[in-house]
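Biologist: Could you take me through this model slowly and explain the words you use? I would like to know what stands behind each label.

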Amino acid sequence: MSPFAIAGDVLWILALSIMAGATRTAWQRMSPDTLVPMNFKASGEPGIRLKRMPGLLILPGAAFVVGIALVAMNRNAAAGGEQAVILFGVRATAAALLALYHLRWLKAALDVLASEGALKDL
């Protein structure tokens with residue numbers, strides 16, 4: 001196993017753990033029947049809403065699936081040279097971008113829910 005593959009795995013583990021920690025904290029602040037905003041209109045108002053469980057778990061779940069797909073592609077590729085570096089760059093960038101997207105979405109969703117009074121204090 002190449003050092004680039006190991007480093008890519010470490011970055012995905014870090015990104016998924018950040019997403020899981022933030023999701024767990026948000027989960028604790030919501031009741032089971034809370035409707036979580038999943039997207040926002042151009043005006044900034046929430047669009048589609050889902051219940052707490054699917055709403056909070058869909059983005060980390062999708063990131064996990066993307067990570068597994070990238071691992072599979074990385075394991076099937078040749079272990080050396082430029083291709084290993086390129087795949088590491090793709091995996092590192094995707095992990096960071098998905099974690100950042102999740103955190104930005106979660107903050108916006110929590111802001112909306114806080115303004116509606118739907119969050120519990122910790």
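Modeller: Happily! In this predicted model, Met1, Ile6, Val10, Leu11 and Leu14 make up a nonpolar patch on the surface.

Biologist: What makes these residues a patch?

Modeller: Patch members have over 30% relative accessible area and no salt bridge; nonpolar side chains (Val, Leu, Ile, Met, Phe, Trp, Tyr) are joined within 5 Å, and like charges within 9 Å. Together the five named residues offer about 470 Å² of accessible area, computed by the Shrake-Rupley method with a 1.4 Å probe, where for residues only the protein chains shown count as cover.

Biologist: Why is leucine 14 called partly exposed?

Modeller: Buried means under 20% relative accessible area, exposed means over 50%, and partly exposed is in between (1.4 Å probe, protein chains only). Leucine 14 has 48%, so it counts as partly exposed. This leucine belongs to helix H1, residues 3–28.

Biologist: Why is aspartate 121 called exposed?

Modeller: Its relative accessible area is 74%, so aspartate 121 is exposed. Aspartate 121 sits in the segment after helix H3 (81–115), and its C-alpha atom is 11 Å from that of threonine 25, 96 residues away along the chain.

Biologist: How do you know that aspartate 9 and arginine 91 form a salt bridge?

Modeller: The label needs a side-chain nitrogen of Lys or Arg within 4 Å of a carboxyl oxygen of Asp or Glu. For aspartate 9 and arginine 91 the closest N and O atoms are 2.6 Å apart, so by this definition they form a salt bridge. Aspartate 9 is in helix H1 and arginine 91 in helix H3, so the pair ties together parts 82 residues apart in sequence. Both residues are buried.

Biologist: How many salt bridges does a search of the whole structure find?

Modeller: It finds three. Another one joins arginine 49 and glutamate 116, with the closest N and O atoms 2.6 Å apart. This pair links distant parts of the chain, 67 residues apart: arginine 49 is in strand S2, and glutamate 116 is in the segment after H3. At 27%, arginine 49 counts as partly exposed, and so does glutamate 116 at 45%.

Biologist: What about aspartate 111 and lysine 107?

Modeller: Their side chains meet in a salt bridge at 2.9 Å, N to O. Both lie in helix H3, four residues apart, which is about one turn of the helix. Aspartate 111 has 41% relative accessibility, so it counts as partly exposed.

Biologist: What makes a stretch a helix or a strand?

Modeller: Both are DSSP runs, numbered from the N terminus: helices (H or I) need at least four residues and strands (E) at least two. The protein chain has three helices and two strands, in the order α-β-β-α-α.

Biologist: How do you know how confident the predictor is?

Modeller: By pLDDT, the predictor's confidence in each residue, from 0 to 100. The chain has a mean of 91, and 96% of its residues reach 70 or more. Where pLDDT is low, the predicted coordinates should not be read in detail.

Biologist: Which rules were used for numbering and for choosing atoms?

Modeller: Residues are numbered from 1 along each chain as its sequence is written, and side-chain values use heavy atoms, leaving out hydrogens and water. Local features need pLDDT of at least 70 and side-chain atom pairs 80 or more, while totals for chains, interfaces and linings use all residues.
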